[in-house]
Amino acid sequence: MVDWRVVAYWVATLWLCVGMLGSAVLQLVKMPEVLHNFGRLGYPRYLLVLLGVWKILGVVVLVAPRMPLLKEWAYAGFFFVASGALFSHIAIGDGFMTLLPTALLLALTVVSWYLRPESRRLAGASRSSN
């Protein structure tokens, strides 16, 4: 029997990881479009390296077994990065198509966190039975 909750968790988590890893690589290689958009948002360029490295570390933690405390930190970091980016784009008046990738990463972060199996949760953070 297929546990659809586990399937949904892995689909959301892998899609989140691909998105975060892809954006991290673009930030680390300092793609011109990324530099332009980052500058439009008013952030310093040196922040790209920091965010890129943190995203890669977060992806490694999410796909690795065990380490539930680090997973919570990775989810929190992904949430802060995605929600901060979304707010920044809204604040400068960017349109829907610009907001969509960031909103998707934010939604995937929440879905992956919510659906994570017991083995990937902190002790005492078990889901109440429905």
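Visitor: Where in H5 is the kink centred, and how many degrees is it?

Guide: In this predicted model, H5 has a kink of about 25 degrees, and Thr102 is the residue at its centre. To judge a helix, one can also set its span beside the expected one: H5, with 20 residues, reaches 27 Å from its first C-alpha to its last, which is close to the 28 Å expected at 1.5 Å a residue.

Visitor: Which residues of H5 are buried, and what covers them?

Guide: Buried residues in H5 are Leu99, Thr102, Leu105, Leu106, Leu108, Thr109, Ser112 and Leu115, and the elements that cover the buried residues of H5 include H1 and H4.

Visitor: How much space lies in the largest pocket, and which residues are closest to its centre?

Guide: Rolling a probe the size of a water molecule over the atoms reveals where empty space remains. Here the largest pocket holds about 700 Å³ of space, and of the 26 residues that line it, Gln27, Lys55, Ala85, His89 and Thr102 are the closest to its centre.

Visitor: Which helix gives the most to that lining, and how do the lining residues divide?

Guide: H4 gives the most, with six residues, while H1, H2, H3, H4 and H5 each supply at least two; the lining divides into 15 nonpolar residues, nine polar and two charged.

Visitor: What volume does the second largest pocket have, and which elements give two or more residues to its lining?

Guide: The second largest pocket has a volume of about 230 Å³, and its lining, which includes Trp54, Lys55, Trp73 and Phe78, draws two or more residues from H3 and from H4. That lining divides into nine nonpolar residues, two polar and one charged.

Note on methods
Residues numbered from 1 in each chain as written. Predicted model: local features only at pLDDT ≥ 70, side-chain atom pairs only at ≥ 80, totals over all residues. Heavy atoms only, no water. 1 Å grid on protein atoms, 1.4 Å probe; cavity = no way out; pocket = protein on both sides within 12 Å on 5 of 7 lines; lining within 4 Å. Points joined across faces, edges and corners; volume = space filled by probe spheres on them. Helix = DSSP H or I, 4+ residues; strand = E, 2+ residues; numbered from the N terminus. Nonpolar A, V, L, I, M, F, W, Y, C, P; charged D, E, K, R; others polar. Expected span 1.5 Å × (residues − 1). Bend = angle between axes of the 7 residues up to and from the residue. Buried < 20%, exposed > 50% of the residue type's maximum accessible area, 1.4 Å probe, protein only. Contact = heavy atoms within 4.5 Å.
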